[in-house]
Amino acid sequence: MTRSAKDFFAPLAVGAPAPLREIPARPSRAIHFFDPGNEKMAAKVPQMVGTVDVLLGNLEDAVKAENKEKARQGLVDIGRSTDFGKTQLWTRVNSLDSPWALDDLTTLVTEIGDTLDVIMVPKVQGAEDIHYVDRLLAQLEAKAGLTKPLQVHAILETARGVANIEEICAASPRMQGLSLGPADLAADRRMKTTRVGGGHPGYLVRQDPQRDDLGVPQYDGPRATYQQDLWHYTIARMVDACAMHGIYPYYGPFGDIKDTVACEDQFRNAFLLGCVGAWSLHPAQIAIAHKVFSPSVEDVAHARRVIAAMGDGTGAVMIDGKMEDDASVKQCQVMVALAEELAAIDPDLKAQYDQIEVQA
Ligand SMILES: CC(=O)SCCNC(=O)CCNC(=O)[C@H](O)C(C)(C)COP(=O)(O)OP(=O)(O)OC[C@H]1O[C@@H](n2cnc3c(N)ncnc32)[C@H](O)[C@@H]1OP(=O)(O)O
Ligand SMILES: O=CC(=O)O
Ligand SMILES: [Mg+2]
């Protein structure tokens, strides 16, 4: 049964911290995955602090079954020994139907709960999964004496999860956001792909056939094709569900590490539709995500001009031949607010945005 509105912000265990009323808008352009049980990767984590918005210790898929405990302990060690500064530390625990999820949550919350910001829960099917995690986290927070509630991020990677997307977002005040999990989602939906995210050359639309002088279609003549985005529908649903509930949508993994161009395109589609970040699986993908999910200097300059010209934000003005009004100024405010959040943690970006004032 759904909790009453009054109970929604009450702690779910005696001694647990009060739930957040609002999810803080912290920059999270790249959520960088590392395997804490892989010595080489783990050794790089302290040097990566400050170079990426989020470092995520991954315990789920991509960690071999025999290494699950090692990865969990590796994350505890990293959490204890690293000063993360403004970089957030997230984890992805094993799925709730696995033999590891309970120990993942119990160990991480009690050992490094004060260092962790967000717990990513994979393969979320419905509100019941979030309710389970919500109560368990409250009990563990109380046990560990934590003063700040942990946030929860759900991966959308089952057909049932997509069908229940709104109730998942609404299930707990801990809900921070959703990520698209295109690999598991493709398998669960029985899509006929074998990739981790990105497009597919077979998913396309084809230009109509040219016609000859008599109007007869030339079916064997040249016709352009345009590859389509397999993920448009799901990302659009995520964006609406997240916006409705005051939480944040993210594109997930892009598995073709060498195809940096297509990765950038896929991330940009997600950014333009409303996502705030994407996963980085390899150090090479961090710069791509930072570039794509930071508004361009040109867009910020334009947005500031519109805001300045619109005064109190009502009415209509012409700028460079285009009509701007109450609705476009709101889009500009979204752009400028994001630029300000990012400038606060990224000195290079701040310098670029500050330059706009000089040129204006
Ligand atoms: C569908 C899903 O669930 S997606 C999420 C789960 N998947 C993951 O988390 C995958 C994470 N990434 C990886 O495991 C690796 O990047 C791989 C397997 C994709 C590629 O690894 P490699 O073949 O070693 O890549 P490559 O040789 O280019 O690595 C270069 C260096 O970067 C390091 N590196 C690679 N990936 C990472 C990473 N994610 N974080 C930190 N360092 C990394 C390597 O250890 C290597 O270090 P070295 O120069 O000291 O030897
Ligand atoms: O976990 C991510 C996915 O794409 O599956
Ligand atoms: Mg997955």
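These legends walk through close-up views of a predicted model.

**View 1. Eight strands line up in an open, parallel sheet.** Reading across, the strand order is β9-β6-β5-β4-β3-β2-β1-β10. The edges belong to β9 (248–250) and β10 (278–280); each has a single partner strand, so one side of each is left without a neighbour in the sheet. From one strand to the next, the twist averages 25°. As a reminder, strands of a sheet pair through backbone hydrogen bonds, either parallel or antiparallel.

**View 2. Strands β2 and β3 run parallel to each other.** Here you can follow residues 54–58 of β2 alongside residues 88–92 of β3, joined by five bridges. To find your place, look for Asn58, whose bridge partner in β3 is Arg92.

**View 3. Helix α8 packs on the sheet.** This helix spans residues 232–245 and touches three strands: β5 (151–156), β6 (175–180) and β9. The direction of α8 makes about 175° with that of β6.

**View 4. Glu157 and Asp184 are the protein donors of the magnesium ion (ligand 3).** Glu157 contributes OE and Asp184 contributes OD, at 2.1 to 2.2 Å from the ion. These two residues bring together distant parts of the chain, being 27 residues apart. Glu157 sits in the loop between β5 and α5 (159–163), while Asp184 belongs to helix α7 (residues 182–188).

**View 5. How buried or exposed are the two magnesium donors?** Glu157 has a relative accessible area of 4%, so it counts as buried, the cut-off being under 20%. Asp184, at 24% relative accessibility, is partly exposed.

Note on methods. Residues numbered from 1 in each chain as written. Chains lettered and ligands numbered in written order. Predicted model: local features only at pLDDT ≥ 70, side-chain atom pairs only at ≥ 80, totals over all residues. Heavy atoms only, no water. Pairing = 2+ DSSP bridges. Helix = DSSP H or I, 4+ residues; strand = E, 2+ residues; numbered from the N terminus. Axes fitted to C-alpha atoms, helices over the stretch in contact; angles between N-to-C directions. Contact = heavy atoms within 4.5 Å. Donors = N, O, S within 2.8 Å, 3.2 Å for Na, K, Ca; no water. Buried < 20%, exposed > 50% of the residue type's maximum accessible area, 1.4 Å probe, protein only.
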